[in-house]
Each structure stands twice: as structure tokens, then as C-alpha cells.
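Work through the exercises below with the model open. Try each task before reading its solution.

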Amino acid sequence: MTALLGARTATPLAGPLLYARSRAVPRALVVLLASAGLAVWAAHGLDAYVDPSRRVPVVALTPLFTSAVIGTSLYTASDELDRTAVRPWWRLRAVHLLTLSALTAGLLSLAVLGHPSVFGPPAMVRNTLGTTGLTAAAAALLGARLSWLPAFAYVSAVYVGAASAHGRLVTVWAWPMQPDGGAGAWAAAAAFVVGGGLYVVRGARP
Amino acid sequence: MAGLRVRHRRTVALDSVDLDLGPGVHGLLGPNGAGKTSLIRVLATVAAPTGGRVELLGDDVRDRRHRSAVRRRLGYLPQEFGYYPGFTVREFVAYVAWLKEMPAAQVPAAVERAVERVGLAERVDAKVKTLSGGMVRRVGIAQAIVNEPDVLLLDEPTAGLDPEQRVEFRALLRELGTATTVVVSTHLVEDVAAACTEVTLVEAGRIAYRGTPPALAELGESAGGAGDNPIERGYTAALRTHRAAALEEAALEEVAR
């Protein structure tokens with residue numbers, strides 16, 4: 001309704017609101033809020049006060065789902081017309097990705113408050129940014145609609161294989177399953193910066 | 001444009017195309033795969049040429065700053081344009097106006113005007129997804145003219161329009177062509193005959209013919225092309241002549257080797 005009024009009466013927010021609706025951002029926000037609520041409920045049900053490491057499924061899998069939601073919101077139905085825009089796309093893309101990522105990281109962290117060193121908020125923020133970075137890179141290289149696929153494959157493989165893996169680099173490549181920040185946090189940050197940067201510069205592949 | 005060349009992987013879509021277009025309605029005719037859409041996409045600054053030089057409204061479009069200035073004065077209807085399912089006609093056209101960085105205060109009136117010109121004023125608040133194919137096409141034309149462009153590029157604009165809508169659209173084209181450079185890619189020779197001031201025939205990535213619609217019709221009568229009306233006969237005669245010349249050129253090159 002606000003966007004409709006904006007389109008009728010020239011409000012400064014009309015354009016950004018139409019952009020958000022063109023990417024189905026309102027729907028993505030609803031799903032992200034619901035995911036955060038589900039994460040809070042799931043973390044509470046795991047009796048994590050007994051053993052914080054029980055929060056592993058919530059910390060590893062919820063960011064995977066929310067990154068898929070963010071990734072699909074990067075899709076444009078009108079790529080050909082978008083390419084004739086005067087407005088610089090990189091700003092819109094950056095604001096879109098950063099806003100949803102920050103909001104999701106903040107909301108999901110609420111699910112794992114307490115015992116920050118064992119699958120607490122730092123691990124949740126790391127996983128949210130890392131999986132979103134992978135998804136953003138996939139949106140730029142494969143297209144937004146399939147952007148969830150590489151992150152899903154990677155995190156699933158790590159989730160299954162990390163427990164039996166050994167070696168110095170495990171803390172790096174198995175970052176989604178690390179209990180705290182550490183070296184894995186740098187790997188996830190790199191995924192976010194590179195993947196996010198790729199999307200901001202190139203946009204989603206049609 | 002001079003020496004324009006466009007390649008899609010191994011295929012040459014356009015080869016050494018020299019073209020100079022001024023105000024008026026320019027019809028682009030040619031068989032499927034001739035290179036019409038490639039030409040329109042380069043002019044729309046959507047695709048970069050492989051070689052050659054393209055100047056639009058006096059600016060070289062390879063330069064990013066110039067490209068933005070050109071895009072402000074450009075309208076484009078792609079062959080297939082996607083629309084956002086939740087958008088109304090008004091919202092979609094307003095969104096494109098916003099992407100073109102039109103001043104916010106001008107957008108509502110510009111949207112009303114553009115939608116009225118394509119005959120959709122009564123459906124301005126209808127969701128685009130509820131409209132028929134012909135109406136969606138008209139929404140596409142509305143978004144292309146919302147910024148009152150100096151160069152208007154329309155790729156198959158009459159696809160899906162019924163006969164009455166096509167007659168109205170041709171009238172709109174003629175009106176737009178008085179002050180604007182309009183380039184219309186089409187398969188329908190009757191659209192060219194009725195609305196265009198100039199016709200360019202593209203065949204296998206090259207310009208096969210340039211002239212006015214009456215001159216093309218005359219060629220059909222004198223050269224005896226196949227078809228049901230003079231312009232169709234002109235179209236087939238020009239194609240036949242171009243293909244014969246291309247074969248002759250290829251044979252001469254073979255001999256020279």
C-alpha cells in the first residue's frame with residue numbers, strides 16, 4: 001500500500017520500496033523472522049544450558065536456510081530492463097545484501113545467547129555471513145534461483161564429515177562446525193567479502 | 001555506428017555494420033537470426049559490441065559516464081521483458097522511471113501520460129499478471145516511453161497485439177517519430193509499410209537494403225519478388241539480391257585464394 005501511494009504521489013521512498021518489492025524483500029523478511037523464531041524455539045528445546053554444544057544443529061543449519069532465503073531474494077524477473085538503468089546497481093545490491101545479512105545475523109544470534117565460546121552468537125554470526133557469502137557468489141555465477149545449492153552441498157558435507165576429519169586446516173575448511181570464532185571466522189569472513197563483492201559488482205546471473 | 005561487429009561465441013551476429021539513424025521511425029526487417037535483436041541490444045547499451053564504434057546521441061557508449069547520460073534519454077522494449085508479478089501497471093512503469101533517475105516529482109504524471117498513450121489508463125491499477133499478453137506488451141511500451149526518450153528501441157513491439165491495437169500502435173509510432181529516433185525490429189512488413197519512414201533490411205548480420213518503404217515496394221514491383229503485397233515483394237526481392245551478391249562475393253574470394 002505504501003509503495004502504491006508512493007508510485008501515485010512521488011514520495012522519495014517510492015523507488016527504494018518498489019526495488020524491495022521487485023526482489024520480494026518483504027516476503028524474505030517474513031521468512032527470516034519466522035526462521036529466527038524457529039531457531040529460538042529449537043535452541044530452547046535442546047536444553048543447551050546442560051551442554052551448549054547441543055546447539056550445533058541450530059548454529060549450522062539455520063544460517064544455511066536463511067542464506068537460501070537471502071539468495072533467492074537476489075533474483076530479478078526483468079534482467080534485460082535492469083541493464084538499461086541509469087541508477088548504479090552496485091549501491092542497491094550492496095545495501096540489499098548487507099541489510100539482510102546484518103539483520104539475519106542479529107536475529108539468529110538471539111537464539112543462542114549465553115556461553116558465547118561454544119556455538120554461541122559469534123559462531124552464529126560467522127555461519128550466517130559465511131553461508132550468505134557462498135550464496136551470493138553462487139547467485140553471481142549460477143543465478144539466484146540456484147544460489148542455495150553450493151552452500152547447501154558444502155555445509156551438508158562439513159556437517160557430516162567434520163567430526164571424523166583431522167589436520168591443521170580442519171578449523172579453516174570446517175568453519176560451519178567450529179564452536180567459536182578462531183581461524184574459521186576468517187574463512188567465513190573471506191567467503192562473505194569475496195562472494196558478496198562478486199554479487200555487488202556483477203549482479204545475479206539471469 | 002561504424003564497423004559494428006557482434007559475436008556470440010562462435011557465431012557472428014553482426015558483421016561490419018555501418019548505420020546512421022536520425023529522427024523518424026526506422027523499421028528493422030529480416031529473417032529469424034539475422035541479427036536484428038543483437039543490433040537493438042547494442043543500441044540499448046545492454047550488450048557490448050565485439051568491435052566497431054557506436055555513438056548514440058553524440059556520445060560514445062563505451063565510456064561509462066556517457067553511457068549513463070545516454071540511458072537517461074533512451075527507451076527500450078526488449079523482445080521478452082520480465083515483469084514483477086506483484087506490481088500494478090502504475091508501479092511497474094514508475095519503477096522503470098525511478099531506475100532511469102527521473103526526478104521524483106515528475107514520475108506520477110509521466111506514468112499517467114505513458115499509460116494513457118498506450119491505451120491502458122483504465123487498467124493502470126491492475127496487477128500486470130492479470131493482463132492479457134497484448135496488454136502486457138503495451139505495459140512494456142509504456143515503460144519504454146515514460147521518460148519521453150530521444151531514442152526509442154522496440155524489439156517486436158506488435159507481437160501479441162490484436163489488429164485494432166496494432167493500428168493504434170502504428171499511429172503512436174508515427175506520432176513518436178516526429179521528434180524521436182524510433183527503431184522498430186519486426187517481422188511484420190505491414191507495420192513497416194504503415195508506420196516507418198525508413199526501412200533497413202538485415203540478413204546474416206549484414207545490411208542487405210536501406211531505403212524508404214515506398215522504394216522497397218517499388219523494388220518488389222520492378223524485380224518481381226514473391227509476396228502478397230508490394231512491400232512483401234520488395235522484401236523478398238531485396239533479400240534475393242543480397243544473397244546473390246553475397247554468393248558472388250564468396251566465389252570471388254575463393255578464386256582469389
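Three exercises follow, each with a worked solution.

This is a predicted model: local features need pLDDT of at least 70, side-chain atom pairs count only at pLDDT 80 or more, and totals for chains, interfaces and linings use all residues. Residues are numbered from 1 along each chain as its sequence is written, and chains are lettered from A and ligands numbered from 1 in the order in which they are written.

**Exercise 1.** Describe how β1 and β2 of chain B are joined.

*Solution.* Start with the elements: helices (H or I, at least four residues) and strands (E, at least two) are DSSP runs, numbered from the N terminus. Strands pair if DSSP finds at least two bridges between them. β1(B) spans residues 2-8 and β2(B) residues 11-17. Four bridges join them, and they run antiparallel. Next, find a facing pair: B:Val6 stands opposite B:Leu14. Finish at the turn: two residues lie between the strands, and B:Arg9 has a positive phi near 50°.

**Exercise 2.** Is A:Phe119 buried or exposed?

*Solution.* Locate A:Phe119 in the loop between α6 (89-109) and α7 (121-141) of chain A. Apply the cut-offs: buried means 20 or more other C-beta atoms within 10 Å of the residue's own, exposed 12 or fewer, partly exposed in between, with C-beta atoms placed from the backbone. A:Phe119 has 26 such neighbours, so it is buried. Check the backbone too: phi is positive, about 50°, although A:Phe119 is not a glycine.

**Exercise 3.** Classify B:Glu156 and A:Ala24.

*Solution.* B:Glu156 lies between β8 (151-155) and α6 (163-177) of chain B. It has 20 C-beta neighbours inside 10 Å, so it counts as buried. A:Ala24 sits between α2 (14-22) and α3 (25-45) of chain A. It has 19 other C-beta atoms within 10 Å, so it is partly exposed.
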